[in-house]
Every structure is written in C-alpha cells, then in structure tokens.
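Take a moment to look over the sequence and the structure together before reading on. The paragraphs below move slowly through the strands and the way they are arranged.

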Amino acid sequence: MERQHARTLWYDRPKYVFMEFCVEDSTDVSVLIEDHRIVFSCRNGDGVELYNEIEFYAKVNSKDSQDKRSGRSITCFVRKWKEKVPWPRLTKKDIKPVWLSVDFDNWRDWEGDDEMELAQVEHYAEDDSDN
C-alpha cells in the first residue's frame, strides 16, 4: 500500500508558524523538525501510512519548536528564525499541494498579536506535560 499525505492546515504568527496535521486516531507518530524542513509520519485509525515532508519558506529554530498530539490531530508550532517577518506561504517553492491549506479560522492580522501567540504556545507547553 502506498503512503498518502495527511491533510495539513497552517497559519502564520509573528514568532511562530503553526501547522496541524489532521489525522484521527494516529499511531506511530514521528515529527522531525529541522532548520529548513519538517518531516511528519504516522498511521491513521485504518492503518494507512501518512507522510508529509515540507521544506520551509524560511529558516526556523528547530530547537525552540514543539509538537502536540490529540485524538484528532498533531499540532506543531515552529519558531521562526527571523521574527516579525510574515511568510506568504509555508513552502520554500511557490507551489500549493492539494493536501496543504491555510487555516483561515486562526489566520488574523498581527496587530497586538504577541500576547495571544504567547498564550497559545504556553497552552501547548502546559498540555505537553501530560505526555
């Protein structure tokens, strides 16, 4: 059986880029965050292997990036190397894979967004202590 891509949502913030790999009942989850790319793999509830490799638009700080798993998805927040520089897209190449979409529910202007972004990161960090 061939690997498939996980549906992926992303949005941009001043300090972080957030990605959500939408996979229910995931097992064998692996998230590798490097300075120029992310590699995600897992199996879904039906045992299908999912694999995504994304070369980032710009360099990130892989040491200050995290991922959090829930029953419905795996969320990653990746620290930008250059803060407060907007990313027009997630990928280095100007392409739009069918499995990658902007998360418009979380996309917003950056005015006064630093406190909200910090709260999101702290929320994920606190929840991570459960794992």
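In which sense do E4 and E5 pair, and over how many bridges? Keeping in mind that this is a predicted model, we can say that E4 and E5 run antiparallel to each other and are joined by 7 bridges. One place to see this pairing is Arg37, which stands opposite Glu55 in E5.

On its other pairing, E4 meets strand E3, which covers residues 27-33, and here 5 bridges join the two strands in the antiparallel sense. E3 and E4 together make a hairpin, with 3 residues lying between them. Taken as a whole, these 3 strands form an open sheet whose order is E3-E4-E5 and whose pairing is antiparallel. The edges of that sheet are E3 and strand E5 (49-55), each of which pairs on one side only. If direction is ignored, neighbouring strands of this sheet are turned by 5° against each other on average.

It helps to follow a single residue here, and Ser41 is a useful choice, as Ser41 is found in strand E4, which spans residues 37-43. Across the pairing with E3, Ser30 stands opposite Ser41. Once the neighbours within four places in sequence are set aside, Ser41 is in contact with Asp28, Val29, Ser30, Leu50 and Tyr51. Is Ser41 buried or exposed? Its relative accessible area is 18%, and because buried means under 20%, Ser41 counts as buried. As a general point for reading any such strand, the side chains in a regular strand alternate between the two faces of the sheet.

Now turn to the other sheet described here, an open one in which 5 strands follow the order E6-E7-E2-E1-E8 with mixed pairing. Strand E6 (60-69) and strand E8 (100-102) stand at its edges, and each has a single partner strand, so one side of each is left without a neighbour in the sheet. Neighbouring strands of this sheet are turned by 20° against each other on average, again with direction ignored.

Within this sheet, strand E2, made of residues 16-22, pairs with strand E7, made of residues 73-80, and the two are antiparallel over 7 bridges. Which residue in E7 does Cys22 stand opposite? The residue facing Cys22 across the pairing is Ser73 in E7.

To look back over both sheets, one is an open sheet of 3 strands with antiparallel pairing, while the other is an open sheet of 5 strands with mixed pairing.

Conventions. Residues numbered from 1 in each chain as written. Predicted model: local features only at pLDDT ≥ 70, side-chain atom pairs only at ≥ 80, totals over all residues. Heavy atoms only, no water. Helix = DSSP H or I, 4+ residues; strand = E, 2+ residues; numbered from the N terminus. Buried < 20%, exposed > 50% of the residue type's maximum accessible area, 1.4 Å probe, protein only. Contact = heavy atoms within 4.5 Å. Pairing = 2+ DSSP bridges. Axes fitted to C-alpha atoms, helices over the stretch in contact; angles between N-to-C directions.
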